[in-house]
Amino acid sequence: MDVLPRWADIVLIPLIGLILAAVLSALMIIASGQDAGEAIKLMVQGALGSTNGWGYTLYYATNFMFTGLAVAVAFHARMFNIGGEGQAMLGGLGVALCCLYLPLPHWTIALVVAIIGAGLFGAIWAAIPAYLQAKRGSHIVITTIMFNFIAAALLNYLLVGALKPAGAMDPATARFPEAVHLPTFQDMFSTADNPLFRGAPANVTFFVAVAACFAVWFLIWRTRLGYEIRAYGESESAAKYAGISPTKIIMIAMIISGALAGCMAINNVMGEAERLVLNSVEGAGFIGIAVALMGRNHPFGIFVAALLFGFLYQGGAELGLWTSIPRELVTVIQALVILFTGALDNMIRMPLEKLFLALRKKGATA
Amino acid sequence: MTVMTKLMSAATGLALTAGAAWAEPAIIFDLGGKFDKSFNESAFNGATRWAEETGGTFREIELQSDAQREQALRRFAEAGANPIVMAGFAFGSALEEVAADYPDTKFAIIDMVVDAPNVRSVVFNEHEGSYLAGIMAAEASETGTVSFIGGMDIPLIRKFACGYAQGAKAANPDVTVIANMTGTTPAAWNDPVKGSELTKAQISQGSDVVYAAAGGTGVGVLQTAADEGILSIGVDANQNYLHPGQVLTSMLKRVDNAVYDALSQGEDLETGFNVMGLANRGVGVALDANNEGIVSYAMLSKTFGAADQIVSGEITVHDYMSDESCPALDF
């Protein structure tokens with residue numbers, strides 16, 4: 001029935017998108033009077049050429065894994081959760097409150113508590129739009145995106161007021177106590193004479209993210225709830241006929257989605273900054289949409305796509321550091337990849353489908 | 001033997017450091033970007049001036065996100081950049097972490113104090129410059145009411161306001177000082193429309209001289225003041241030229257000088273606490289062809305008199321940030 005073989009759908013389309021984006025980016029770099037080959041080499045070298053570069057790439061990838069999974073889980077129920085940004089912000093608030101106000105003796109306990117705190121806050125933030133969708137029919141796209149703004153305003157209010165230490169100028173919380181410091185890759189893998197990942201922010205949360213990938217896979221394809229979510233997503237009326245409650249599915253899918261987005265805060269708030277700053281999410285919630293689209297809403301695809309975007313972020317930072325390519329152009333390069341792999345999916349799919357159809361006809365007649 | 005080896009390795013260590021003596025300085029701009037017509041641009045101008053005068057080159061980066069602060073610092077330090085200058089108080093917490101890891105690299109941070117042996121903390125006595133601006137404002141005012149518009153409500157900006165109010169009250173004890181802040185978030189640095197609204201509100205309360213310490217928001221303040229026919233006072237860079245004859249003066253904060261100094265000293269950067277005040281021309285008020293018509297002789301002599309007294313220590317301007325209170329103004 002499907003026109004495209006599975007491998008073409010999963011591998012070929014994103015790959016062609018990437019190549020197109022790379023070619024366009026190279027043209028833009030050349031147009032701005034720089035050496036494109038040098039720039040690409042710099043990106044690869046900077047993001048993947050050293051353990052330090054990997055440390056940053058994996059750090060960004062961890063963020064995108066969480067937000068990508070969040071989008072994917074909701075999408076299996078055909079809920080388009082674009083509120084990952086706000087849910088991650090609230091997750092950060094949850095993490096900060098846990099780390100600042102609970103006496104946590106050791107990072108292992110702190111990690112568990114932070115997962116609960118981040119997940120809970122993110123879930124609550126997603127549950128409100130979910131309820132409005134399930135009970136009142138308010139469109140989830142509109143409500144989740146509006147909730148991003150509410151989250152930003154709420155965080156603003158708290159960071160300028162109650163949570164800011166007296167006399168500080170930054171709108172940020174105090175630094176978290178030493179006991180809740182999550183081990184970074186440097187702490188874990190470095191030896192005295194072989195320093196690895198020096199100064200890089202990648203931390204133990206990466207493994208939490210990988211575990212979350214497995215958990216989501218298990219949930220969606222190996223449990224009854226996952227089956228119900230997928231059934232509801234494929235056809236609401238059929239799901240209803242089979243006795244699946246739409247309200248329940250919408251609520252549960254969105255709560256899981258929000259909790260996953262919230263858990264991103266363990267990485268960036270607890271693992272990296274070790275305090276809550278105003279703009280801690282930095283667009284990762286929206287990148288999650290592109291990651292999920294590119295990863296075809298499958299945890300493994302999301303893992304790979306998150307790595308790619310991590311590479312783009314770290315490579316982009318390297319470009320900013322060592323070339324005079326303006327930061328706006330770096331953003332354009334990142335945006336091109338999102339555009340081609342996420343938004344322009346059909347532009348590549350349609351000619352490919354025609355090509356495969358033609359090939360198949362040829363094969364049938366011969 | 002062991003002593004010998006130690007000596008030998010120490011000698012090689014020395015030789016290595018001597019070999020690596022060549023180093024390019026680096027400068028890191030804050031999220032506002034290097035062409036913000038204010039703080040970052042001033043830092044950039046200082047670095048450019050150094051490069052033009054010495055023929056040297058410097059590395060630079062404009063940050064895209066908060067996570068890059070520490071990254072940029074570490075990457076530059078690892079690449080051997082020395083000294084590394086950063087513009088903005090927001091680098092404080094990143095630098096605290098990084099400085100200890102690179103003891104051979106010198107860092108300079110502007111507007112923030114980081115206590116580490118290889119860090120030069122440059123702070124400005126904005127209250128002194130603002131004090132002079134306050135004197136000029138009170139002298140120029142005919143209504144007896146002068147006003148202040150701050151950007152983001154942080155202690156640093158209150159320091160500006162407090163110095164300004166003290167200066168105004170010193171020149172005219174009966175003066176009324178109105179102070180407003182644009183907002184409480186970084187967005188307040190770039191909201192010229194709100195700056196304009198606040199200016200109009202202050203004019204309706206009788207103010208006829210308005211001092212803006214609000215980054216990009218100040219552009220709106222100065223514009224509205226010019227439109228409504230009152231005087232304004234610019235900040236950081238010399239903004240007198242924006243509306244010739246209508247900007248009374250600008251409170252100069254010579255970030256460019258701070259950057260220039262740091263780059264000129266190079267790897268031998270003098271670390272520690274570096275205060276840029278009236279005495280070493282770190283702050284001041286701008287006088288040029290654009291405002292000479294509106295600045296009277298009496299005003300000038302009073303201002304310069306006060307400047308001398310501040311330098312000599314006869315007048316102490318209260319620094320809001322020293323105890324988070326202001327004798328001349330309630331926030």
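Two residues are in contact here if their C-beta atoms, placed from the backbone, lie within 7 Å. The model you are looking at is predicted, and the exercises below walk through both of its chains.

**Exercise 1. The contact between the chains**

Work out how many residues each chain brings to the contact, and which elements of chain B supply them.

*Solution.* Start with the counts: chain A gives 18 residues to the contact, and chain B gives 20 residues. Next, look for the elements on the side of chain B that touches chain A: at least two residues come from each of strand 2 (59–62), helix 3 (68–78) and helix 6 (155–171) of chain B. Helix 3 of chain B holds the largest share of that side, with five residues. Finally, sort the side of chain B that touches chain A by class: eight residues are nonpolar, six are polar and six are charged.

**Exercise 2. The make-up of chain A**

Describe the secondary structure of chain A, then decide how its radius of gyration stands against the globule rule.

*Solution.* First, the secondary structure: chain A has 15 helices and zero strands. Then set the radius of gyration, 22 Å, beside the 21 Å that the globule rule gives for 366 residues; the two are close, so chain A is as compact as a globular protein of that length. Its C-alpha atoms fill a box of roughly 75 × 60 × 35 Å along the principal axes. For burial, 49% of the 366 residues in chain A are buried. Last, take the contacts in chain A between residues at least 6 apart in sequence: 76% of them join residues at least 24 apart.

**Exercise 3. A helix in chain A**

Is helix 15 of chain A largely in the open or largely buried? Check its span as well.

*Solution.* Begin with the span: helix 15 of chain A covers residues 345–365, 21 residues in total, and reaches 30 Å from its first C-alpha to its last. That is close to the 30 Å expected at 1.5 Å a residue. Now count the buried residues, using the cut-off of 20 or more other C-beta atoms within 10 Å. The number buried among the 21 residues is zero, so helix 15 of chain A lies largely in the open.

**Exercise 4. Positive phi in two loops**

Find where A:Glu282 and A:Arg296 sit, and classify each by its C-beta neighbours.

*Solution.* Take A:Glu282 to begin with. Its phi is near 50 degrees, a positive value in a residue other than glycine. A:Glu282 belongs to the loop between helix 11 (246–273) and helix 12 (284–294) of chain A. Because A:Glu282 has 20 C-beta neighbours inside 10 Å, it counts as buried.

Now turn to A:Arg296, a residue other than glycine with a positive phi, near 55 degrees. The loop that holds A:Arg296 runs between helix 12 and helix 13 (299–322) of chain A. With 17 C-beta neighbours inside 10 Å, A:Arg296 counts as partly exposed.

**Exercise 5. Chain B and its domains**

How many helices and strands does chain B have, and how is the chain divided into domains?

*Solution.* Chain B has 11 helices and 12 strands. Its radius of gyration is 22 Å, close to the 20 Å from the globule rule for 331 residues, so chain B is as compact as a globular protein of that length. The C-alpha trace of chain B spans about 85 × 40 × 40 Å along its principal axes, and buried residues make up 58% of the chain.

The domain assignment splits chain B into domain 1 (23–125 + 257–276) and domain 2 (126–252 + 283–323). Between the C-alpha centres of domain 1 and domain 2 of chain B there are 28 Å. Across the boundary, 11 residues of domain 1 of chain B are in contact with 11 residues of domain 2 of chain B. On the side of domain 1 that touches domain 2, four residues are nonpolar, four polar and three charged.

One local detail remains: a cis peptide bond joins B:Asn82 and B:Pro83, with omega about -5 degrees. B:Pro83 lies in the loop between helix 3 and strand 3 (84–87) of chain B.

**Exercise 6. The largest nonpolar core**

Identify the residues with the most contacts inside the largest nonpolar core, and the helix that gives the most to it.

*Solution.* The largest nonpolar core has 218 residues, and those with the most contacts inside it are A:Leu69, A:Phe309, B:Leu95, B:Ile109 and B:Ala137. Helix 11 of chain A gives the most to this core, 16 residues. From chain B, domain 1 and domain 2 each provide at least three residues of the core. To finish, follow A:Phe309: leaving aside neighbours within four places in sequence, its contacts are A:Tyr60, A:Ala61, A:Phe64, A:Ile287 and A:Val291.

Notes
Residues numbered from 1 in each chain as written. Chains lettered and ligands numbered in written order. Predicted model: local features only at pLDDT ≥ 70, side-chain atom pairs only at ≥ 80, totals over all residues. Helix = DSSP H or I, 4+ residues; strand = E, 2+ residues; numbered from the N terminus. Nonpolar A, V, L, I, M, F, W, Y, C, P; charged D, E, K, R; others polar. Expected span 1.5 Å × (residues − 1). Buried ≥ 20, exposed ≤ 12 C-beta atoms within 10 Å, placed from the backbone. Domains from an automatic or database assignment. Rg over C-alpha atoms; globule rule 2.2 N^0.38 Å. Core = buried A, V, L, I, M, F, W, Y, C linked by C-beta atoms within 7 Å.
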